[in-house]
Amino acid sequence: MIDPRPAVLSRRLAPVGRILAFASAKGGVGKSVCAALTALALAAGGRRTGLLDLDFQGASAHLLLGAGLRFPEEAGGIKPLKVRENLDFMSFAVFSRERAVPLRGTETGEALRELLAVTVWDPLELLVLDLPPGTGDLLLDLLRLVRRTEYVVVATPSPLDLSVVERLLALLSELRLPLAGLIENMARPSEGLKAASASPVAELAARWKAPLLGSIPYVAGIEAVLAGGGSWDGALGEAVRGVVKGLLG
């Protein structure tokens, strides 16, 4: 039997301009925070933006955005939630709520196809995807289903993280997938924004001939900042604006 969903999801994504998938080699590096910050900053700058949380088993974008998990409207499909001016949001969590989602193997690909096929996006300039960490089934299914996706890799200065990020970059390169750039998250205070070019993440980006989009400092209580709509003052705001500038060119 032919699965009609790949053809359907291509129509669903037709109103979307650029698709930026935020990926990380391992968990705990703040990938979801970087995705949410970027989506909020794009929307605050007047760009019609969507944020799609594809981390089925660890969905957290709704918490970062302070978005209630109300069931979305249905109109020829499922309409994303409007959580900010210029920002639409969708997540598998609107269906699963706070229940665990025990998916394995092909079930992950099935959930991805279904969510992409039923979500009806209004015209967007950019759609930010928050991927689960690692190089598992969902990433591999996504790169087959949505070939025009650009990847943003989030890394920290941790030597443990950097060694694994190298493998993720090698995979993206081997598959000839477009790399929009790297984001350094939880930058050490001693580095600061002006010294970002000397950071280990910057060195990694240079080695892979990839843009370093920005160096985001560690901010205590960042979740509260995000849920309040984002703060574009000080070092955090400067860093996030730099990421947006790097992405928009």
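A residue counts as buried when its relative accessible area is under 20%. Keep that cut-off in mind on this tour of a predicted model.

**Stop 1: helix H6**

Select residues 137-145, which form helix H6. Which residues of H6 are buried? They are Leu138, Leu139, Asp141, Leu142, Leu143 and Leu145. Now show what surrounds them. The cover includes two helices besides H5, namely H1 (5-12) and H7 (159-174). Strands S1 (16-23), S5 (124-130) and S6 (150-155) are also part of that cover.

**Stop 2: H5 against H6**

Add helix H5, residues 106-118. Two packed helices are described by the angle between their axes and the distance between the axes. Here the axes come within 9 Å and cross at roughly 45°. H5 and H6 are therefore oblique to each other. Their crossing is right-handed. Where do they touch? On H5, pick Thr108, Gly109, Leu112 and Arg113. On H6, pick Asp137, Leu138, Asp141, Leu142 and Leu145. Sorted by class, this contact has four nonpolar, two polar and three charged residues.

**Stop 3: the whole sheet**

Hide the helices and show the strands. You should find an open sheet of eight strands. What is the order of the strands? Read across: S3-S4-S2-S5-S1-S6-S7-S8. The pairing is mixed. Strands of a sheet pair through backbone hydrogen bonds, either parallel or antiparallel. The edge strands are S3 (81-84) and S8 (212-217), and each of them pairs on one side only. From one strand to the next, the twist averages 25°.

Bring back helix H2, residues 31-44. H2 lies across S1, S2, S3, S4 (87-91), S5, S6, S7 (179-187) and S8. Compare its direction with S5: H2 runs at about 165° to that strand.

**Stop 4: strand S2**

Zoom in on S2, residues 49-53. Five of the five residues of S2 are buried, so this strand is largely enclosed by the rest of the structure. Look along the strand and check the side chains. Thr49, Leu51 and Asp53 point one way, while Gly50 and Leu52 point the other way.

Next, look at the partners of S2. With S5, S2 pairs in the parallel sense over five bridges. Select Leu52 and find Leu129, its bridge partner in S5. Then select Leu51, whose bridge partner in S5 is Val128. Now turn to S4. S2 and S4 run parallel too, joined by five bridges. Leu51 has a bridge partner here as well: Phe89 in S4. Thr49 stands opposite Leu87 in S4.

**Stop 5: strand S4**

Stay with S4. Is S4 mostly covered or mostly open? Mostly covered, since five of its five residues are buried. Leu87, Phe89 and Ser91 point one way from S4. Asp88 and Met90 point the other way.

**Stop 6: the S3 edge**

Finish at edge strand S3. S3 and S4 pair in the antiparallel sense, over three bridges. Select Leu81 and look for Phe89, its bridge partner in S4. The two strands form a hairpin with two residues between them. Select Asn86 in this hairpin: Asn86 takes a positive phi near 70°.

Technical notes
Residues numbered from 1 in each chain as written. Predicted model: local features only at pLDDT ≥ 70, side-chain atom pairs only at ≥ 80, totals over all residues. Heavy atoms only, no water. Axes fitted to C-alpha atoms, helices over the stretch in contact; angles between N-to-C directions. Helix = DSSP H or I, 4+ residues; strand = E, 2+ residues; numbered from the N terminus. Parallel < 35°, antiparallel > 145°, perpendicular 65-115°, else oblique. Left-handed = near helix turned anticlockwise from the far one by under 90°. Contact = heavy atoms within 4.5 Å. Nonpolar A, V, L, I, M, F, W, Y, C, P; charged D, E, K, R; others polar. Buried < 20%, exposed > 50% of the residue type's maximum accessible area, 1.4 Å probe, protein only. Pairing = 2+ DSSP bridges.
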